[in-house]
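Work through these short exercises with the sequence and the model open. Each task is followed by a stepwise solution.

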Amino acid sequence: MGRIAGVTAAETRERLLRAAADVFAERGYDGTRVADIAATAGVSNGALYAHFGSKAELLVAALRAHGRQLLAAVLAADPDRSITEVLLAVGRWLPRRRDARGYLIVEALVAARRDEDVARPMRDYVGERADWVADLVRAGQTGGELDSALSPNALAHFCLLLAMGSALIPPDLHAVGDEEWTALLSRVVTALAPTDITAQRGATQ
């Protein structure tokens, strides 16, 4: 199995990313061979290595591609929503059941603890996610939605802990009602607002 006739390099790469996400989710990182991914994608091992240098690189590339899809879906649903509404929308999604690809982060984090080849690209990936959230926080601070005294990096770290931890505790292990979770998130977001806004909200309640 070499390059598939009529399929572009970009399409082959996308095919490999989908296959990698599915196989890693099913078998785990340690239980997956490069040949398994190539076979699932319908290409040769050589074609796979033409796009990705290693199994570790492919794992993080699949995770990065899937993460972009999730974030893009949240932003595309309402591009004009405020920063706090974006954070709430992402937060409301966290306790919900995901498809198998949604748990790739678990495989990647576990593999990174044991394998430096995975840890190196994972540091870049986590750094990218943290930077994205920190930029959202700064935008919220500039717009007066979030307290300017808060550390964007610390708040980004807090959000990453929630997001990645939610993949470790799926609904079949511990479920929480949507209304309960949304009420808690709303309370947290209120606490992140500038002090004068928080006081105004309290006075009107």
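**Exercise 1. Find the exposed residues on the face of α8 turned away from its buried side.**

Solution. This is a predicted model.
Step 1. Turn to the face of α8 opposed to its buried side: the exposed residues Leu161 and Leu168 sit there.
Step 2. Now list the buried residues of α8: Pro152, Leu155, Ala156, Leu160, Met164, Ser166 and Ala167.
Step 3. Look down the axis of α8. The buried residues fall within an arc of 160°, so they line one face of the helix.
Step 4. Find their partners. The buried residues of α8 pack against α6 (104-114), α7 (116-142) and α9 (178-192).

**Exercise 2. Compare the reach of α8 with the expected span.**

Solution.
Step 1. Count residues: α8 has 17.
Step 2. At 1.5 Å a residue, 24 Å is expected.
Step 3. From first C-alpha to last, α8 reaches 25 Å, close to that value.

**Exercise 3. Describe the second largest pocket and its lining.**

Solution.
Step 1. The space in this pocket is about 220 Å³.
Step 2. Its lining includes Leu94, Pro95, Leu162, Ile169, His174 and Trp181.
Step 3. Sort the lining residues: 9 are nonpolar, 3 are polar and none is charged.
Step 4. Which helix gives the most to the lining? Helix α8 (residues 152-168) does, with 3 residues.

**Exercise 4. Is Ala89 buried or exposed?**

Solution.
Step 1. Place Ala89 in helix α5 (residues 83-93).
Step 2. Its relative accessible area is 15%. Buried means under 20%, so Ala89 is buried.
Step 3. Check the separation from Leu185: 96 residues in sequence, and 9.7 Å in space, C-alpha to C-alpha.

Terms used:
Residues are numbered from 1 along each chain as its sequence is written. This is a predicted model: local features need pLDDT of at least 70, side-chain atom pairs count only at pLDDT 80 or more; totals for chains, interfaces and linings use all residues. Side-chain values use heavy atoms; hydrogens and water are left out. On a 1 Å grid over the protein atoms alone, a cavity is a set of points where a 1.4 Å probe fits but cannot get out, and a pocket is an open set with protein on both sides within 12 Å along at least five of seven lines; lining residues have an atom within 4 Å of a point. Grid points are joined across faces, edges and corners, and a volume is the space filled by probe spheres set on the points. Helices (H or I, at least four residues) and strands (E, at least two) are DSSP runs, numbered from the N terminus. Ala, Val, Leu, Ile, Met, Phe, Trp, Tyr, Cys and Pro count as nonpolar, Asp, Glu, Lys and Arg as charged, and the others, Gly among them, as polar. The expected span of a helix is 1.5 Å times one less than its number of residues. Buried means under 20% relative accessible area, exposed over 50%, partly exposed in between (1.4 Å probe, protein chains only). The arc is that of the directions from the helix axis to the C-beta atoms. Contact means heavy atoms within 4.5 Å.
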